[in-house]
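Please open the model in your viewer and keep the sequence panel beside it. The stops below go from the whole chain to single residues, with a suggestion at each one of what to select next.

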Amino acid sequence: MRKWAVIFLAAVLAWTPLIACAEAPEAAFIEMEDGEYAIDVAMEGGSGKVTISSPAILIVEDGRAYARIEWSSTHYDYMKVEDETYYPINDDGGYSTFEIPITVFNEAMTVIGDTTAMSTPHEVEYTLVFDSESITSSDQTPQAAAQRVVYTAIAIIAVCMGVGLTRRMERQRDSEKWGQKGRRRF
């Protein structure tokens, strides 16, 4: 029995370095403050039927770069970068969205996207190129501009409704004050 315990312990110790080497891909270093930015990303591969949003959101955490990738499809259930699997961050049923490490800037980075749009799931290989020269504030993305337009429209509608309600209340008060025939009641 003791012999088997020693063999088991030796096997575990022998495999530990191999398991430790299978770490998540290391995100590229970038000299920027932590926060969210916009970065242009080009994609090649697949059938050409799907796209990703560009610019994408660049997330900088502790000097490391990550990207929020949004597909033009709801049918991606995971992505792989190197051997690490990443799952969607959205649960709302919208377009498949992932946060993945950016392993290299200005060069092709191979990723796998698993699509469920076909009769059976298929892993499809894509290459992404993140353009480090295009990094801007995340407020300058088309998505951020659209969000500002929606908020402005909501504010205008709210003001119009407030003005309309106030005018209606004034008319009602005036009609009660003057009576129906336009004479003032005493």
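Colour the chain by secondary structure, and you should find 2 helices and 8 strands, where helices (H or I, at least four residues) and strands (E, at least two) are DSSP runs numbered from the N terminus. Read from the N terminus on, the elements follow the order α-β-β-β-β-β-β-β-β-α. The model is a predicted one, in which local features need pLDDT of at least 70 and side-chain atom pairs count only at pLDDT 80 or more, while totals for chains, interfaces and linings use all residues. Residues are numbered from 1 along each chain as its sequence is written, and side-chain values use heavy atoms, with hydrogens and water left out.

**The whole chain**

Switch on the surface next: the accessible area of the chain comes to about 13,100 Å², and 56% of it belongs to carbon and sulfur atoms, as computed by the Shrake-Rupley method with a 1.4 Å probe, with only the protein chains shown counting as cover for residues. Of the 186 residues in the chain, 28% count as buried, a term that means under 20% relative accessible area, whereas exposed means over 50% and partly exposed lies in between (1.4 Å probe, protein chains only). A contact here means heavy atoms within 4.5 Å, and among the contacts in the chain with a separation of 6 or more, 54% are between residues 24 or more positions apart.

**The nonpolar core**

Hide the surface and select L58, I69, W71, I100 and F130, which touch the most other members of the largest nonpolar core, a set of 30 residues. Such a core consists of buried Ala, Val, Leu, Ile, Met, Phe, Trp, Tyr and Cys residues joined through side-chain atoms within 4.5 Å. At least two residues of this core come from each of β1 (35-45), β2 (56-61), β3 (64-70), β4 (76-81), β6 (97-101), β7 (109-115) and β8 (122-137), and β8 gives the largest share, with 5 residues. As background, nonpolar side chains in soluble globular proteins tend to be buried together.

**Around W71**

Centre the view on W71, which counts as buried because its relative accessibility is 1%. Leaving aside residues up to four places away in sequence, W71 touches M43, V50, T51, I52, Y76, M79, Y95, S96, F98 and Y126. The structure holds 4 aromatic pairs; in one of them, W71 and Y76 are stacked, with 4.1 Å from centre to centre and 10° between the planes. Rings of Phe, Tyr and Trp (its six-membered ring) pair if their centres lie within 6.5 Å, and planes under 30 degrees apart count as stacked, over 60 as edge-to-face and the rest as tilted. Y76 also counts as buried, at 4% relative accessibility. Add Y126 to the selection, and you have the cluster in which ring pairs link W71, Y76 and Y126.

**T97 and S132**

Now select T97 in strand β6, which is buried at 8% relative accessibility. Beyond residues up to four places away in sequence, T97 touches R68, I69, E70, P88, I89 and N90.

Moving to strand β8, pick S132, which is partly exposed at 24% relative accessibility. What does S132 touch, not counting residues up to four places away in sequence? The residues are I39, F105 and N106, and the C-alpha atoms of S132 and F105 lie 6.0 Å apart although 27 residues separate the two in sequence.

**Backbone details in the loops**

Stay with N106, in the loop between β6 and β7, where phi has a positive value near 60° in a residue other than glycine; N106 is partly exposed, with a relative accessible area of 42%. E82 is not a glycine either, and has a positive phi of about 55°. Look for E82 in the loop between β4 and β5 (84-86), where it counts as exposed at 54% relative accessibility. Then go to the loop between β1 and β2, which holds P55, and check the peptide bond that joins S54 and P55, which is cis with omega about 5°.

**A nonpolar surface patch**

For the last stop, find V150 in helix α2 (residues 142-178), where V150 is partly exposed with a relative accessible area of 46%. Together with Y151 and I154, V150 forms a nonpolar patch on the surface, with about 320 Å² of accessible area in all.

Patches are made of residues with over 30% relative accessible area and no salt bridge, with like charges joined within 9 Å and nonpolar side chains (Val, Leu, Ile, Met, Phe, Trp, Tyr) within 5 Å; a salt bridge is a side-chain nitrogen of Lys or Arg within 4 Å of a carboxyl oxygen of Asp or Glu.
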